[in-house]
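Me: I would like a close look at a single part of this protein chain. Please describe one strand in its setting, in connected prose suitable for a first-year student.

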Amino acid sequence: MDINSQNIEEIVKQVLQNMQGTTSAPASSKDIPDTAHVAMLTELEKFEIKEYPMPAIGDDDILVKVEGCGVCGTDAHEFKRDPFVLIPVALGHEGTGEVVKVGKNVKVDSAGKPLGVGDKVVTCMIFKDNPDITMFDLNKQNVGGADVYGLLPDDDVHLNGWFADYLVVRKGSTIFNVSDLDLDSRILIEPCAVLIHAVERAKTTGILRFNSRVAVQGCGPIGLICIAVLRTMGIENIVAIDGEDKRLEFAKKMGADKVVNFKNYKGIEALADGVKEAFGGYEADFAFQCTGSPVAHSNIYKFIRSGGGLCELGFFINGGDATINPHFDLCAKEITLVGSWVYTLRDYATTFDFLKRAKAIGLPMSDLITHRYPLEEINEALKTNLAMQGLKIAIINK
Ligand SMILES: [Zn+2]
C-alpha cells in the first residue's frame, strides 16, 4: 500500500469515528510510545507494573495496543501458587486490542482475513509444529498444552502477556481479526470457545437435538455461557441447576426455561425428582456438567433418561476422583458420555459467530463481566477472583 492510499484510509477512518461520536484518532506509528508497561507477577500474590523499552517489531511481528483482558482461573492459580513455575511472568491470555504496527510480511490473520493497523485482534495458541492441532480444518486434537501468550517465560521482549498496555505477537502465533466484535465480546472469546467445543463434543453423541431436554449443572461463567450457546442453537428446553438463586436468575436471562436450586432438596433422590418436575415429568435427554465438584459429577447421572447423554467439562483442572456406579449410572441406562477440555483452533473461529448471534438474539453476554479494573489495580482484580466474587473479572485499559 502506498503512502497516499494509507493516508486516505486513515482520514476516512477518522471521519467515520468522529461521526460515531468518538474522538480517538486511529493509531499510527507516531502514537506508539517509547516504553510499554507490563503487570509482571514477581512473587506469589504480587504483580508489579514494570516499564520496558518498546521492542523492535520484526518482519513477521505484530504490535498490539491492549484494550482489555479477562482474568481466568488459570491466572488465579498462577497468582496464588505458581504451579507452572513461571515467576517472573507476564500473565493474561484472554486479551484483545488494536494492531498498531505490523511487520512487512504480515498480510492476513490465521483464518486468511486481511489484517493491518487499526484492526482489533485476539490471539489463540502459539504453535510449534504439531500438525494435529495446527490444521485449521482438520482438528484432531484440542489446543491444551500448546503455548499461549500470558503463560510464557519472561524473555528479552517482556511483552508476553495481555495484562499490559502493549503485546508483541510473534511468528508462529495464531491471531484473528475480530474488528466486527465489541470489546466485551472480544474479552469473552476464550471462555466462550470452551463451550463451543463442549457443544461440538456433545453433538458427536447424536442425542442433542432441537427439541432435546437439556440439564445444565453449575451456573458459573461456564454454565451460563453453555446455556447461551444452546440457546443460539435453538435449544429451548433447558433446566439450570445451581445452589445460588442469584446465579439461577442470570441463567434464566441467558435462556434457561426452568431453574432448580439444589439447596432446596434433601438428598439426591429428591433433587432428581425436582429436576424431573422442572422438565414437566421427564428426565433430561442430555446434561452438561459445568462444576468442578466430584459430588456434582456423581449426581448428574440421576437426572438423565435411559439412552441419554452427558458432557463432562467442569474439571478444567484436577478436582479429585468422583464415585459412580458403573452398572446403574452408565450400563443399565446406556448413557453416552463425552469429556471436553479447552477447544480446537476451528472452535475458536466458530466462537466469533456465536458471539454475534448471542448479541442478535439479545442475550446479556456483557453482564457476565461483573468487575472491571484498570491495569494498576490488577492485584485487587486477582484477589476478587480468588474470593469467588462476581462472574467474569476483566482488566480494562484506559
Ligand atoms: Zn482462560
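Reply: Two residues are counted as being in contact if their C-beta atoms, placed from the backbone, lie within 7 Å. Angles between elements run from 0 to 180 degrees between N-to-C directions, along axes fitted to C-alpha atoms.

The model is a predicted one. Its protein chain averages a pLDDT of 91, and 89% of the residues score at least 70. Confidence is under 50 over residues 1-6, a stretch with 1 contact beyond four places in sequence. It is also under 50 over residues 18-27, where the model has 12 such contacts. The protein chain contains 12 helices and 17 strands, and 44% of its 398 residues are buried.

The part chosen here is strand E13, which comprises residues 284-289. This strand belongs to an open sheet of 6 strands with parallel pairing, in the order E12-E11-E10-E13-E14-E15. Strand E12 (258-261) and strand E15 (336-339) stand at the edges of that sheet; each has a single partner strand, so one side of each is left without a neighbour in the sheet. From one strand to the next, the twist averages 20°.

In the sheet order, E13 stands between E10 and E14. On one side, E13 pairs with strand E10 (residues 213-217) in the parallel sense, over 4 bridges. Within this pairing, Gln289 of E13 is the bridge partner of Gln217. On the other side, E13 pairs with E14, again in the parallel sense, over 5 bridges. Here Ala287 has Leu310 in E14 as its bridge partner.

The connection between E13 and E14 may be considered next. Helix H9 (residues 294-300) forms a β-α-β unit together with E13 and E14, and this unit is right-handed.

Beyond E14 comes the edge strand. Strand E14 (residues 304-312) runs parallel to E15, and 4 bridges join the two. Glu312 stands opposite Gly339 of E15.

A further helix completes the setting of E13. Helix H5 (residues 189-203) lies across E13, E14 and E15, and runs at about 145° to E14. As for the strand itself, E13 is mostly covered, with 6 of its 6 residues buried.

Finally, the contacts of the protein chain as a whole may be noted. Of those with a separation of 6 or more, 68% are between residues 24 or more positions apart.

Key
Residues are numbered from 1 along each chain as its sequence is written. This is a predicted model: local features need pLDDT of at least 70, side-chain atom pairs count only at pLDDT 80 or more; totals for chains, interfaces and linings use all residues. Two strands pair if DSSP finds at least two bridges between them. pLDDT is the predictor's confidence in each residue, from 0 to 100. A residue is buried if 20 or more other C-beta atoms lie within 10 Å of its own, exposed if 12 or fewer, and partly exposed in between; C-beta atoms are placed from the backbone. A crossover is right-handed if, with the strands pointing away from the viewer, the path from the first strand over the helix to the second runs clockwise.
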